[in-house]
Amino acid sequence: MPGKGPVIVITGTPGTGKSTHAQMLAQESPVPLKHINVGDLVKEKNLYEEYDSEWESYTVDEDKLLDELEPIVAEGGIILDWHTCEIFPERWPDLVIVLRCDHSKIWERLEKRNYPLKKIQENNEAEIMQVVLEEARSSYPNEIIVELNSESTEDLEANIARIVQWISNWQQDHST
């Protein structure tokens with residue numbers, strides 16, 4: 001698709017740095033990329049069935065969400081930032097980045113966000129069990145999945161430099 005930028009999914013357990021990575025990547029990318037925080041989009045556009053007050057989270061209406069995203073994704077040049085990725089059709093992403101972080105750091109980060117204890121515990125276990133990485137591996141070809149460590153500012157900067165290089169390569173491969 002000449003002229004279109006890549007579709008990049010940045011995923012990971014809550015607290016791994018998805019939004020920070022996505023925002024920085026949108027600023028540093030050699031091609032224009034629009035950052036879409038999928039969780040925010042769900043709330044803004046009422047793309048949910050209900051709010052679960054016990055878990056303090058929304059039950060997403062996946063059909064509504066995919067209908068909302070389809071024309072945006074078709075344009076290309078976007079970063080989809082969400083704690084899960086398996087909902088997105090296999091044809092969508094050019095690159096799936098799974099951010100990983102030591103579970104004790106995730107615990108600290110989620111405590112700072114005032115997450116309820118059971119939600120912190122659930123996300124901590126999800127990171128230990130590599131839930132998001134396994135979702136990515138079962139949903140997309142291995143060659144488009146990149147697992148990156150996200151524990152420090154140094155990791156963030158190195159990850160962004162690596163993704164920017166990937167985008168430059170993608171651009172060369174897709175120019176006509």
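Leu117 and Glu125 are exposed on one side of helix 5 in this predicted model. The other side of this helix holds its buried residues, which are Lys119, Ile120, Asn123, Asn124, Ala126 and Glu127. Seen down the axis of helix 5, these buried residues fall within an arc of 160°, so they line one face of the helix. In general, an α-helix has 3.6 residues a turn, so residues three or four places apart point the same way. The buried residues of helix 5 pack against strand 4, strand 6, helix 4 (103–112) and helix 6.

Helix 7 can be described in the same manner. Its buried residues are Asp155, Leu156, Asn159, Ile160, Ile163, Val164, Ile167 and Trp170. They too lie within an arc of 160° when seen down the axis of helix 7, so they line one face of the helix. Glu154 and Gln172, on the other side of helix 7, are exposed. What do the buried residues of helix 7 pack against? Their partners are strand 1 (7–12), helix 1, strand 6 (95–100) and strand 7 (145–149).

The lengths of both helices can be checked against a rise of 1.5 Å a residue. The table sets the expected span beside the distance between the end C-alpha atoms.

| Helix | Residues in helix | Expected span | Distance between end C-alpha atoms |
|---|---|---|---|
| Helix 5 | twelve residues | 16 Å | 16 Å |
| Helix 7 | 22 residues | 32 Å | 31 Å |

For helix 5 the distance agrees with the expected span, and for helix 7 it agrees as well.

One residue of helix 7 can be related to a residue of another helix. Threonine 20 is part of helix 1. In sequence, threonine 20 and leucine 156 are 136 residues apart, but in space their C-alpha atoms are 8.3 Å apart. Leucine 156 is one of the buried residues of helix 7, whereas threonine 20 is partly exposed, with a relative accessible area of 43%.

Two loop residues have positive phi values. Glutamine 130 comes after helix 5 and sits in the loop between helix 5 and helix 6. Its phi is positive, about 60°, although glutamine 130 is not a glycine. Is glutamine 130 buried, exposed or partly exposed? It is partly exposed, with a relative accessible area of 30%. Asparagine 46 is in the loop between helix 2 and strand 3 (48–52). This residue is also not a glycine, and its phi is positive, near 55°. Asparagine 46 is partly exposed, and its relative accessible area is 45%.

The last topic is the largest pocket, which has a volume of about 1,200 Å³. Its lining is made up of 42 residues, and the closest to the centre of the pocket are Pro14, Lys18, Trp82, His83 and Tyr115. By type, the lining residues divide into 13 nonpolar, 16 polar and 13 charged. Which helices and strands each supply at least two residues of this lining? The helices are helix 1 (18–28), helix 2 (38–44), helix 5 (117–128), helix 6 (131–139) and helix 7 (153–174), and the strands are strand 4 (57–60) and strand 5 (78–82). Helix 5 and helix 7, described above, are therefore both among the elements that contribute to the lining, and each has one face lined by buried residues.

Technical notes:
Residues are numbered from 1 along each chain as its sequence is written. This is a predicted model: local features need pLDDT of at least 70, side-chain atom pairs count only at pLDDT 80 or more; totals for chains, interfaces and linings use all residues. Side-chain values use heavy atoms; hydrogens and water are left out. On a 1 Å grid over the protein atoms alone, a cavity is a set of points where a 1.4 Å probe fits but cannot get out, and a pocket is an open set with protein on both sides within 12 Å along at least five of seven lines; lining residues have an atom within 4 Å of a point. Grid points are joined across faces, edges and corners, and a volume is the space filled by probe spheres set on the points. Helices (H or I, at least four residues) and strands (E, at least two) are DSSP runs, numbered from the N terminus. Ala, Val, Leu, Ile, Met, Phe, Trp, Tyr, Cys and Pro count as nonpolar, Asp, Glu, Lys and Arg as charged, and the others, Gly among them, as polar. The expected span of a helix is 1.5 Å times one less than its number of residues. Buried means under 20% relative accessible area, exposed over 50%, partly exposed in between (1.4 Å probe, protein chains only). The arc is that of the directions from the helix axis to the C-beta atoms. Contact means heavy atoms within 4.5 Å.
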